[in-house]
Amino acid sequence: MIFSEIKWPYLFKKTYFRICSGSVCNVGHHVSINNSRIIAVNDSIIEIANNVVIDNATIFVDGGKFIIGEHSIIRGDLNPVLINIEEGETHIGHHSKVSAKRFWIRFGGILRIGNYTNINNGSEVRCDESISIGSYNQISYDINIWDTNTHNILPVEDRRRVAEKYFPYFGKETNRPLTKPVVIGDDCWIGERASILKGSIIGNDTIVGYNTLIVGKQIPANSTVVNNIDLQIIQRDNCPMG
């Protein structure tokens with residue numbers, strides 16, 4: 001099924017599609033879309049593969065791409081899912097599930113999520129350059145994964161000028177803030193309320209503990225990372241499990 005130049009409310013159950021001229025939305029077979037809004041503007045591309053489920057979500061693509069593989073699920077359980085792509089790309093593999101609070105892709109950022117990966121409620125991914133999340137990952141609740149400072153630090157005069165120009169929208173960014181790619185390997189378990197920020201590289205089969213903050217660190221494969229006073233990286237081969 002191909003939609004182009006349409007604005008159809010309730011095409012699916014309680015769902016609103018708006019695919020503006022120049023944008024394309026390709027929807028596969030046996031797709032279920034409920035209680036959602038899907039909008040593409042400015043020559044965007046949306047590709048939804050066979051057997052995908054989208055429920056209680058908003059997907060807004062402005063000059064970018066959103067691609068999701070077969071049998072994957074986007075479902076707002078505790079909160080609606082917002083995927084906001086501004087001149088960037090999001091690629092989700094097959095058999096993955098996203099219940100995150102928000103994906104926000106800007107400034108040409110590219111977010112890639114592998115296969116059989118689960119991102120739970122309340123989590124947020126902010127990508128202004130590059131975030132790669134591998135396959136077979138369990139990403140818990142209220143996780144932050146950011147490759148960006150999210151805001152520039154402007155001189156007082158410029159900050160005031162921007163506030164006045166864009167009022168009542170505060171925090172408008174016209175230039176990309178400082179960024180550095182984030183990579184999360186395969187088979188990782190990211191504990192609740194952890195934050196993985198710009199420049200972090202997480203090796204395969206790594207456990208990141210509850211409320212752990214990782215900024216610009218390279219974590220070897222097969223590690224357990226916990227946040228006490230200082231970040232502790234424990235090679236599990238040397239750590240007996242009780």
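**Exercise 1. Find where isoleucine 219 sits, and decide whether it is buried or exposed.**

Start with the secondary structure: isoleucine 219 belongs to strand E28, which covers residues 218-219. Keep in mind as you work that this is a predicted model.

Next, take the relative accessible area, which is 2% for isoleucine 219. Buried means under 20%, so isoleucine 219 is buried.

Finally, look for a partner in space. Isoleucine 202 is 17 residues away from isoleucine 219 in sequence, and their C-alpha atoms are 4.9 Å apart.

**Exercise 2. Describe the largest nonpolar core and follow one of its residues outward.**

Begin with the whole protein: it has 242 residues, and 44% of them are buried. Its secondary structure consists of 1 helix and 30 strands.

Now turn to the core. The largest nonpolar core holds 47 residues, and Ile48, Phe66, Ile74 and Phe103 have the most contacts inside it. In soluble globular proteins, nonpolar side chains tend to be buried together.

Then pick isoleucine 74 and skip its neighbours within four places in sequence. Its remaining contacts include Val53, Ile54, Phe66, Ile83 and Val98. Asp55 is also among the contacts of isoleucine 74.

**Exercise 3. Work out which classes of residue line the two largest pockets.**

First, the largest pocket: its volume is about 230 Å³. Among its lining residues are Asp62, Glu86, Trp104, Arg106 and Tyr169. Sorted by class, the lining has 6 charged, 3 nonpolar and 1 polar residues.

Second, the next pocket: the second largest has a volume of about 170 Å³. His151, Ile153, Arg159 and Phe170 are among the residues that line it. Here the classes come to 5 nonpolar, 3 polar and 3 charged.

To finish, compare the two lists. Gly171, Lys172 and Glu173 appear in both linings.

**Exercise 4. Locate the unusual backbone geometry.**

Recall the background: most residues other than glycine have a negative phi, and most peptide bonds are trans.

Check phi next. Glutamate 87 has a positive phi near 55°. It lies in the loop between strands E12 (81-86) and E13 (89-92). Its relative accessibility is 56%, so glutamate 87 is exposed. Glutamate 87 also helps line the largest pocket.

Tyrosine 136 has a positive phi too, about 60°, and is found in the loop between strands E19 (130-133) and E20 (138-139).

Last, check the peptide bonds. Phenylalanine 167 and proline 168 are joined by a cis peptide bond, with omega about 5°. Proline 168 is in the loop between helix H1 (156-166) and strand E22 (182-184).

Definitions and conventions: Residues numbered from 1 in each chain as written. Predicted model: local features only at pLDDT ≥ 70, side-chain atom pairs only at ≥ 80, totals over all residues. Heavy atoms only, no water. 1 Å grid on protein atoms, 1.4 Å probe; cavity = no way out; pocket = protein on both sides within 12 Å on 5 of 7 lines; lining within 4 Å. Points joined across faces, edges and corners; volume = space filled by probe spheres on them. Nonpolar A, V, L, I, M, F, W, Y, C, P; charged D, E, K, R; others polar. Core = buried A, V, L, I, M, F, W, Y, C linked by side-chain atoms within 4.5 Å. Buried < 20%, exposed > 50% of the residue type's maximum accessible area, 1.4 Å probe, protein only. Contact = heavy atoms within 4.5 Å. Helix = DSSP H or I, 4+ residues; strand = E, 2+ residues; numbered from the N terminus.
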